[in-house]
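Visitor: I work at the bench and would like a close look at a single part of this protein. Please show me where its charged side chains sit and what they meet.

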Amino acid sequence: MAEADWKHEPAPAWQMPHIGEHPIEGYRYTSREFYEREFEHMWTKVWLLLGRENEIPNPGDWQREEVGPESIIMVRQKDGGIKAFYNVCQHRGNRLVFAEKGTVKRFVCQYHSWAFTLDGELNFAQDSEDFPQGNPCGKVRLVEIPCDTFAGFIWVNMDPQAAPLKEYLGPIWDDWNMYPISSMKRYLAQTVHVPCNWKVIQDNFNESYHLRSVHPQASVTIEEGYKETQFDMCEEGHGRMIMHAGYPAKSLEGNKMREPLMALMQEWELDPEAFQGRERDIRPALQKQKRKLGPQRGYEYFNDLRDEQLTDFYHYNIFPNFSVSVTADGFHFLRSRPHPTDPEQCIFDNWYYATAPEGVTSPVGTPAGLVGRDEEVPHEIINHGDKSIGLGMDQDLSITTGQQLGFRSRGFRGVYLSGQEARIRRYHEVIDEYLQGIRPHGQLHTRPAPVKPIS
Ligand code: FES
Ligand SMILES: [Fe+2]
């Protein structure tokens, strides 16, 4: 296909895996035993998007992130690479660092001052001659974790035999390479403690069935109908939903145009009045305008995108815990992580990254409001309900917490899914493939039996 042609075509569908009739029952979200099995067999065997390269630009810069009960340090090396270690001193187990990020020459444990170099080697121990097993310096090391970078993010995998990240990501790799994600800047960073299991949040981001009922305002620009949405899944366990955007809401005031669609049209020099009565023409007109004006406004990379990428929401679910809505100039980062001990709580990150072309000075429209291009964005840590994290996210979280309550009930008989929610079933099937040892190193294409709790 000629270059110009592929840009006008929709994205080719991914190769769909088989989806079985896997039941999804409440214990998966409430049982401690299931939570522990997930940690042992799934969380410690998958690639996780954990850090950001530009948070640690210089040698000695480090960033700490938590995954359930584990704490992981990512540190920039002298040669420019990045290594990841468990955040645990090898003397008697103290945590090495407690802050979110910092810069060190060596990691010095606060308990007895053992000091580890940036590449994890112990190079100072008090009274090093007093160890019957021999001087531990040069011998003892921090425990290293496989680590790689892609799209400006730092990915780790607690499995020492991890397959390469590129292989794990499957079709995500090429899709994301179309956007300048690595140079995007963060304009929102809210971490929220939410009283629901981490999967409740990922299930929600795996379907668009709830858009009309939970987010009527969002469908001001998104075509929420499932028949117009492209649903993809891949054997690696990830998903993609392509939601057309640039339409007036059907569910609000008939087919009338409203903000923010009108504002978007004006930004791209289209007159909303001229489209009265022919609203279906707005999306292609917006694509045309962005194609024409984008490069001269600093968005040169628009030249490398499909027409639909200029207007639509490319929503990805990366197994197991990362979802993102990618638009022509933004990256809505949605990540849920397990609580260190409680299956009925999780940690949810509502972050937003945007491209920052030179010369563009207008504020960035994040899911929680407008932010100036040069603003330093603080990392907020919030308990659910303490403050708004933006209308759309407030709406999603209000549902997820109610759903967690229902999962506890003996009156819940398991989900009853529509066709457009099939990706949820698939997600749970993949979790069970890990729990049963079929992944990551077993024989794929064998469908697992549902995992039942022991008690
Ligand atoms: S526990 Fe770290 S130096 Fe003793
Ligand atoms: Fe939602």
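Guide: Happy to! One term comes first: a residue counts as buried when its relative accessible area is under 20%, as exposed when it is over 50%, and as partly exposed in between. Please also keep in mind that this is a predicted model.

Let's start with aspartate 432, whose relative accessibility is 0%, so it counts as buried. Its partner is arginine 28, and the two form a salt bridge in which the closest N and O atoms are 3.0 Å apart. The aspartate belongs to helix H12 (residues 422–435) and the arginine to helix H2 (residues 27–30), so this pair ties together parts that are 404 residues apart in sequence. Arginine 28 has a relative accessible area of 1%, so it is buried too.

Another pair is arginine 240 with aspartate 232, whose side chains meet in a salt bridge at 2.9 Å, N to O. Arginine 240 is buried, at a relative accessible area of 1%, and aspartate 232 also counts as buried, with 1% relative accessibility.

Next comes glutamate 53, which forms a salt bridge with arginine 76, with 3.5 Å between the closest N and O atoms. Glutamate 53 sits in the loop between strand S1 (47–52) and strand S2 (61–67), while arginine 76 is in strand S3 (residues 70–76), so the link joins parts 23 residues apart in sequence. Here the arginine is buried, with a relative accessible area of 8%, whereas the glutamate counts as partly exposed at 25%.

Some charged side chains are joined in a group: Glu235, Arg426, Glu429, Glu433 and Arg439 are linked in a network of salt bridges. The count of salt bridges in the model comes to 26.

An acidic side chain can also meet a metal, and aspartate 396 does. The iron ion (ligand 2) is coordinated by His210 (NE2), His215 (NE2) and two OD atoms of Asp396, at 2.1 to 2.5 Å. The angles subtended by these four donor atoms run from 56 to 148°, which makes the arrangement irregular. Along the chain, the donors follow the spacing H-x4-H-x180-D. Histidine 215 lies in the loop between helix H7 (211–214) and strand S13 (230–233), and aspartate 396 lies in helix H11 (residues 391–407), so the pair ties together parts that are 181 residues apart in sequence. Histidine 215 and aspartate 396 are both buried.

Let's stay with H11 for a moment. Its 17 residues, at 1.5 Å a residue, should span 24 Å, and the end C-alpha atoms are 25 Å apart, which agrees. Asp396 has company among the buried residues of this helix, including Met393, Gln395, Leu397, Thr400 and Phe407. The buried residues of H11 pack against H2, strand S12 (185–194), helix H6 (198–204), H7, strand S17 (330–338) and strand S18 (346–354). H2 has already come up as the helix that holds arginine 28.

Finally, a word on cysteines, in case you wonder about covalent links. The model has zero disulfides. The sulfur of cysteine 196 has its closest cysteine sulfur in cysteine 346, 4.1 Å away, which is too far for a bond. Cysteine 196 is buried, at a relative accessible area of 0%, and cysteine 89 counts as buried as well, at 4%.

How values were computed: Residues are numbered from 1 along each chain as its sequence is written. Chains are lettered from A and ligands numbered from 1 in the order in which they are written. This is a predicted model: local features need pLDDT of at least 70, side-chain atom pairs count only at pLDDT 80 or more; totals for chains, interfaces and linings use all residues. Side-chain values use heavy atoms; hydrogens and water are left out. A disulfide is a pair of cysteine sulfur atoms within 2.5 Å. Buried means under 20% relative accessible area, exposed over 50%, partly exposed in between (1.4 Å probe, protein chains only). Donors are N, O and S atoms within 2.8 Å of the metal (3.2 Å for Na, K and Ca); water is not among the atoms, so sites may look incomplete. Four donors count as tetrahedral if all angles lie between 85 and 135 degrees; four count as square planar and six as octahedral if opposite donors are over 155 degrees apart and all others between 65 and 115; anything else is irregular. Helices (H or I, at least four residues) and strands (E, at least two) are DSSP runs, numbered from the N terminus. A salt bridge is a side-chain nitrogen of Lys or Arg within 4 Å of a carboxyl oxygen of Asp or Glu. The expected span of a helix is 1.5 Å times one less than its number of residues. Contact means heavy atoms within 4.5 Å.
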